[in-house]
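The following exercises practise the reading of a structural model. Each task is followed by a solution in steps.

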Amino acid sequence: MDFRFEDVDGVRRSLADANYLADDGIAGIVYLADRLGKPILVEGPAGTGKTQLAQSVAEITGARLIRLQCYEGLDESKALYEWNYKKQLLRIQASGDDNDWSEIEDDLFSEEFLLTRPLLEAIRAEDRVLLLVDEVDRLEVETEALLLEILSEYQVSIPELGTVKATQVPLVFLTSNATRELSEALKRRCLYLYIDYPDLEREREIVMAKVPGVDANLADQVARIVRSIRQLDLKKSPSVSETLDWARTLVLLGIDKVDAQSATDTVNILLKYRTDIDKAVKEFADRPDDLVDDAT
Amino acid sequence: MTVTEQTGPPSGGGREDTPLLDLLSGFIIELRQAGLPVSLTENLDAMEAVTHIPIEDRDAFKYALGSTLVKNHSHWRTFEVVFEVYFSMRGDEYTLDGVAEGEGPEGEPGPPGDGAPQGGGGAMSGLTPEQLAEMLMKALMNGDQAMLRALARQAVMRYAGMEPGRPVGGTYYLYRTLRNLDLDGVLEGLMDAARQEAPEDLTPLEERLERDEFSDRIEQLKQEIEAEIRRRLVADRGVEAMARTLRKPLPEDVDFMHASREEMADLKKAIHPLTRKLAVRLARKRRHGRKGPLDFRNTIRHSLSYGGVPAEPKFRFPRPAKPEIMVVADISGSVAAFARFTLHLVYAISGQFSKVRSFVFIDGLDEVTGFFEGVEDIGEAVHRVNTEADVVWVDGHSDYGHAFGVFWERFGRDVGPKTTVMILGDARNNYHASQSWILKEMQHKARKVYWLNPEPRAYWDTGDSIVGEYSTHCEGTFEVRNLRQLEAFVEKLV
């Protein structure tokens with residue numbers, strides 16, 4: 001079996017080419033997932049680029065992205081496979097009376113009547129694919145078990161057909177916002193990657209890469225202010241995507257240097273709760289000397 | 001699968017497989033000791049993972065181990081400490097002798113500031129303290145990583161005064177080093193320098209940003225120093241002993257009553273996601289079992305369309321009982337933290353209850369429900385409870401008897417058959433009268449009375465604790481010492 005990546009640095013470089021700035025941890029774990037043939041469970045606050053990571057990896061490996069969006073009530077027939085019973089009915093009607101029943105029965109449960117859903121599709125794919133199981137924490141605990149066979153063996157058992165094995169080991173990403181603890185069984189099968197808010201350096205680079213027309217100074221300032229805001233005790237800290245939105249807004253407004261006034265005017269793009277906004281505005285305006293104690 | 005067969009990796013680790021594997025199994029045993037649930041499969045995964053990542057690339061190595069062994073982000077800190085202890089002596093730039101050639105970490109070809117840092121620790125030992133302080137200032141100003149690391153090493157060598165075999169903890173050396181460096185003064189100095197450098201006066205916002213930046217760098221320096229001290233201690237005492245002394249409980253196992261300030265901060269951070277998780281889980285539980293009891297009338301009426309056969313059973317809408325909660329919490333010094341966390345948790349999931357009222361006491365008692373009404377930020381409200389509630393009657397020493405007396409007199413009639421009363425406290429009554437008849441009355445009127453005690457069970461009924469006397473009148477008495485136990489209790493409550 002050939003591997004997709006040469007070394008950790010290679011992963012980082014090609015991700016950077018795809019406009020995704022990975023830190024050491026991210027690149028290392030992606031590399032490892034390829035080598036060990038294991039799925040990656042990506043956890044972290046909303047808006048830190050978990051889904052984006054999967055998309056970027058798909059892009060650099062030239063793989064087709066197959067996405068399964070999880071939600072409460074997702075079941076086998078939506079995730080794995082389903083029999084196309086309308087077509088089966090048609091088949092029965094079309095055959096009339098002259099055919100042998102056992103023949104029809106065999107025929108009814110053949111691949112022709114199988115509707116593949118994302119998980120099975122990823123397993124059966126001949127070309128390179130990347131399977132993304134998004135927001136896996138939204139599944140009920142019982143449904144989680146659906147994934148287990150695929151994640152560890154890369155196969156799907158269909159009672160009427162037998163076991164479908166993967167022709168090649170696809171890269172698998174699972175993302176979770178950690179609204180609930182995932183089961184041990186699931187975690188055990190995955191490599192665990194926690195994507196936190198990026199540090200100053202990386203955030204600045206992300207802003208530079210993703211926001212057209214932003215100059216280095218502004219990007220630096222944006223990253224610094226966002227870091228300061230994240231240090232406050234907020235209901236919801238600004239995510240990377242919100243940082244980017246904010247930077248875009250500043251560029252559109254033609255602001256090349258953020259001061260307290262412009263920050264206050266546009267902070268509602270970064271923060272979405274009234275109390276958080278009030279808190280941040282207060283911080284912008286206050287003399288820093290009074291704040292030393294809260295900040296440290 | 002083909003991947004598993006690939007042993008004997010091309011790079012790193014391989015040439016000394018056995019020592020590495022030994023080290024690794026010791027490492028994993030230590031992780032388990034520290035409370036991380038590491039399963040056998042994860043263990044095997046880690047062993048395989050390290051064959052792919054050379055140990056020299058320390059960061060990648062760390063993340064590789066982390067991704068296979070740590071599956072919960074709140075355990076990461078613990079993992080990091082153990083990792084530092086076990087692997088701190090590995091990798092080139094981490095050798096002890098202080099003269100690290102090729103200096104820069106992560107393959108930076110030497111720091112830009114040339115000259116001074118190139119000599120590493122060897123050259124620096126000739127500097128005077130003033131020169132050292134100046135270099136430190138400059139390195140912090142420029143955010144020069146490699147230089148900071150070298151300086152941290154130098155500072156430890158110079159100021160910590162470490163002696164082999166001396167039985168003191170790392171914090172002692174850390175304190176000594178930091179005292180000599182006077183980092184608060186350094187921060188001010190940096191701010192002054194920044195002010196001078198700026199073309200015009202700094203606006204408050206800019207000033208704040210600068211300060212955050214410098215604080216961040218100083219924090220990095222502190223971490224470097226801490227790591228350096230740890231490395232030296234490991235060299236002195238050996239890996240296992242060091243890991244044992246550094247072992248810290250996981251956030252969910254931290255004891256409320258004995259949490260240090262740092263642990264408190266961790267707890268505060270942990271409580272938010274915990275409440276969110278709990279709320280989601282409870283809401284989900286409620287939605288499950290959507291059917292209520294059989295609706296006989298409705299079933300019969302619908303049976304008419306089937307000729308009198310009750311073919312389609314009808315059910316009532318489920319109305320799961322939502323309990324009414326009264327929290328009565330002791331907020332005297334010893335148990336204040338516990339009361340704070342419990343109030344926080346109860347209010348965070350108050351949607352699950354039809355009504356929540358809260359009372360706090362020391363020797364007097366005050367209702368604080370109002371503080372929580374229409375407030376978005378529970379933390380803020382809890383803070384107000386601690387500062388504004390009128391709870392002192394005579395001397396500010398816990399008097400459960402009197403507090404219960406006041407409660408019964410003023411609010412006793414509000415306790416009804418739907419009310420669940422939660423009493424939080426260690427029942428250390430300072431030898432006042434217990435007035436336990438009140439609890440007895442309360443138990444008659446209320447649906448349930450629970451007592452949560454933050455003390456370990458072994459201490460109950462020792463000294464002035466009279467929890468035994470009270471608990472005869474409660475449906476349940478629970479030991480709630482940490483977040484894990486608190487979570488389990490609240491879930492049971494709903």
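**Exercise 1. Two helices of chain B**

Task: Determine how helix 10 of chain B and helix 11 of chain B are oriented to each other, and which residues meet.

Solution. The model is a predicted one.

Step 1. Helix 10 of chain B spans residues 183–197, and helix 11 of chain B spans residues 204–237. Their axes come within 10 Å and cross at roughly 140 degrees.

Step 2. Angles over 145 degrees count as roughly antiparallel, and 65 to 115 degrees as roughly perpendicular. The crossing therefore makes helix 10 of chain B oblique to helix 11 of chain B.

Step 3. The handedness of this crossing of helix 10 and helix 11 of chain B is right-handed.

Step 4. From helix 10 of chain B, the residues B:Leu183, B:Val186, B:Leu187, B:Leu190, B:Met191 and B:Ala194 take part. They meet B:Glu210, B:Arg211, B:Phe214, B:Ser215 and B:Ile218 of helix 11 of chain B. Sorted by class, this contact has eight nonpolar, one polar and two charged residues.

**Exercise 2. Two helices of chain A**

Task: Carry out the analysis for helix 11 of chain A and helix 12 of chain A.

Solution.

Step 1. The axes of helix 11 and helix 12 (residues 240–252) of chain A come within 11 Å, with a crossing angle of roughly 135 degrees.

Step 2. Helix 11 of chain A and helix 12 of chain A are therefore oblique to each other. Their crossing is right-handed.

Step 3. Helix 11 of chain A contributes A:Leu218, A:Ala219, A:Val222 and A:Val226 to the contact, while helix 12 of chain A contributes A:Thr243, A:Trp246, A:Ala247 and A:Leu250. By class, seven residues of this contact are nonpolar, one is polar and none is charged.

**Exercise 3. Domains**

Task: State into which domains each chain is divided, and describe how domain 1 of chain A touches domain 3 of chain A.

Solution.

Step 1. For chain B, the assignment gives domain 1 (2–87), domain 2 (93–248) and domain 3 (263–288 + 321–493). A distance of 43 Å separates the C-alpha centres of domain 1 and domain 3 of chain B.

Step 2. Chain A has domain 1 (8–79 + 117–194), domain 2 (81–113) and domain 3 (200–285). Here the C-alpha centres of domain 1 and domain 3 of chain A are 31 Å apart.

Step 3. Domain 1 of chain A gives eight residues to the contact, and domain 3 of chain A gives nine. On the side of domain 1 of chain A that touches domain 3, three residues are nonpolar, four are polar and one is charged.

**Exercise 4. The contact between the chains**

Task: How many residues does each chain give to the contact of chain A with chain B, and which helix of chain A supplies the largest share of its side?

Solution.

Step 1. Chain A gives 38 residues and chain B gives 40 residues.

Step 2. Several elements of chain A each supply at least two residues of its side, among them helix 9 (184–188), strand 9 (191–194) and helix 14 (274–285). The largest share, seven residues, comes from helix 2 of chain A.

Step 3. The side of chain A that touches chain B has 18 nonpolar, seven polar and 13 charged residues.

**Exercise 5. Confidence**

Task: Identify where chain B should be read with caution.

Solution.

Step 1. The model scores ipTM 0.80 and pTM 0.71. Chain B averages a pLDDT of 76, and 83% of its residues score at least 70.

Step 2. In chain B, pLDDT is below 50 over residues 1–16, and it stays under 50 over residues 91–122.

Step 3. Where pLDDT is low, predicted coordinates should not be read in detail.

Methods:
Residues numbered from 1 in each chain as written. Chains lettered and ligands numbered in written order. Predicted model: local features only at pLDDT ≥ 70, side-chain atom pairs only at ≥ 80, totals over all residues. pLDDT = per-residue confidence, 0-100. Contact = placed C-beta atoms within 7 Å. Helix = DSSP H or I, 4+ residues; strand = E, 2+ residues; numbered from the N terminus. Nonpolar A, V, L, I, M, F, W, Y, C, P; charged D, E, K, R; others polar. Axes fitted to C-alpha atoms, helices over the stretch in contact; angles between N-to-C directions. Parallel < 35°, antiparallel > 145°, perpendicular 65-115°, else oblique. Left-handed = near helix turned anticlockwise from the far one by under 90°. Domains from an automatic or database assignment.
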